[in-house]
Every structure is written in C-alpha cells, then in structure tokens.
Amino acid sequence: NLPDKEIEEIRLASRLHDLGKVSISDRILLKKGKLTTKEWEQIKKHPERAVQILEPLAFFHKSANILEYIGSHHERYDGKGYPNGYKGSQIKLGARILAIADAYHAMTSSRPYRKKPLSIKRAIKELKDNAGTQFDPEIVEAFLKILKKEENKKDKY
C-alpha cells in the first residue's frame, strides 16, 4: 500500500544498490573461500561507494530516498549492520524492504562462496529466523505473503 512514487524509488534502488561493488577487486568479489577481515572491510564499503557514484547525478537530487535506500541496505533491524549501525525505524522503510529482497535473492542464487543456492524453503526459514534481528519482522511477514501469493499463481498454471 505504498505510494507509486515510493514503490518506483525502491525498484530503482534495487537495481542500483550494489553499484559500489564496481570499486572492489574481482579477486575479492569472486573469492570462493572465506574473506579476510581486510577483504570484508572492502565489501562493507560498497553501499557508500554506490551513493558516491550516484550522488552527482541530478536525478538523485529530486529523489534522495533512492540514495538513502542504497546506502542503508545493509543496516540491520537490531542495529548491528553497516555502514552506520542504524536500528529499527532509523532505517528508512525502502532500505528495510530492499534488505530482505537482497538477502532472499542472495540466498536463492549461485554465489562463488556457496556451491549451490539455498532452496526457497530454506531461504524462507532464514528470513523467519532472522526477523527481529537482521530484518524488520513486519516486512518479513509481508514478503512471505507475497511469496506465497506468487507460488499460488504458479500452481494455477
């Protein structure tokens, strides 16, 4: 039930949120094993780097929410995220939505550090298990309703 403008801002942020990874070495991004502390620190800078890349573009001055969503998509509901350690409602709604969608996509997609993606069932369990800590529990609930609705649509065909 969000306004169309906000939905479009979240959609655009979802497409641009990892843009800052262009500044990170492929050696780190494609590493199959565990990252070192130094490598992890590089990864954690990607939201801020994305904002730095996009900020000079005039379009984003009219729609600063997009930059905020991108810059905050790794904040955690419990305040243990990055880059600013925002907590709960300090994190804009769009960033909290983006965090869940991004995590779900990461879990259900192939990654260099994981041999095979998690099943949808396992990814749903991870979202539920992390509701209230990593993720906003209300948004997890809404996300899972949407997933169920989409699954029911597939079952009809």
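In this predicted model, helix 7 makes the greatest contribution to the lining of the second largest pocket, with eight residues. This pocket encloses about 740 Å³ of space. Its lining comprises 19 residues, of which Ile10, Ile97, Ile139, Phe143 and Ile146 are the closest to its centre. Besides helix 7, the elements that give two or more residues to this lining are helix 1 (4-16) and helix 9. By class, the lining of the second largest pocket consists of 13 nonpolar, four polar and two charged residues.

Helix 7 returns in the largest pocket, where its six residues are the largest share of the lining. About 1,000 Å³ of space is found in the largest pocket. A total of 35 residues line it, and those closest to its centre are Lys21, Trp40, His74, Ala106 and Tyr113. Helix 2 (26-29) and helix 3 (37-43) join helix 7 in supplying at least two residues each to this lining. The class breakdown for the largest pocket is 15 nonpolar, nine polar and 11 charged residues.

Turning to enclosed space, one cavity of 30 Å³ or more was found. The volume of the largest cavity is about 60 Å³. Its walls are formed by Ser72, Glu75, Arg76, Tyr77, Ile91, Ala95, Arg96, Ala99, Gln134, Phe135 and Asp136. Five of these lining residues are nonpolar, two are polar and four are charged.

The aromatic side chains complete the picture. A pair of aromatic rings is described by the distance of the centres and the angle of the planes. The count of such pairs in the model is three. One of them joins phenylalanine 59 and phenylalanine 60: the ring centres are 5.1 Å apart and the planes stand at 85 degrees, so the arrangement is edge-to-face. Phenylalanine 59 is partly exposed, because its relative accessible area is 45%, whereas phenylalanine 60 is buried, because its value is 6%.

Tyrosine 104 and phenylalanine 143 also form an edge-to-face pair, with 5.2 Å from centre to centre and 65 degrees between the planes. Tyrosine 104 belongs to helix 7 (residues 93-107) and phenylalanine 143 to helix 9 (residues 137-156), so this pair ties together parts that lie 39 residues apart in sequence. With a relative accessibility of 13%, tyrosine 104 counts as buried. Phenylalanine 143 is buried too, at a relative accessible area of 18%, and is among the residues closest to the centre of the second largest pocket.

Technical notes: Residues numbered from 1 in each chain as written. Predicted model: local features only at pLDDT ≥ 70, side-chain atom pairs only at ≥ 80, totals over all residues. Heavy atoms only, no water. Phe/Tyr/Trp six-rings, centres within 6.5 Å; stacked < 30°, edge-to-face > 60°. Buried < 20%, exposed > 50% of the residue type's maximum accessible area, 1.4 Å probe, protein only. Helix = DSSP H or I, 4+ residues; strand = E, 2+ residues; numbered from the N terminus. 1 Å grid on protein atoms, 1.4 Å probe; cavity = no way out; pocket = protein on both sides within 12 Å on 5 of 7 lines; lining within 4 Å. Points joined across faces, edges and corners; volume = space filled by probe spheres on them. Nonpolar A, V, L, I, M, F, W, Y, C, P; charged D, E, K, R; others polar.
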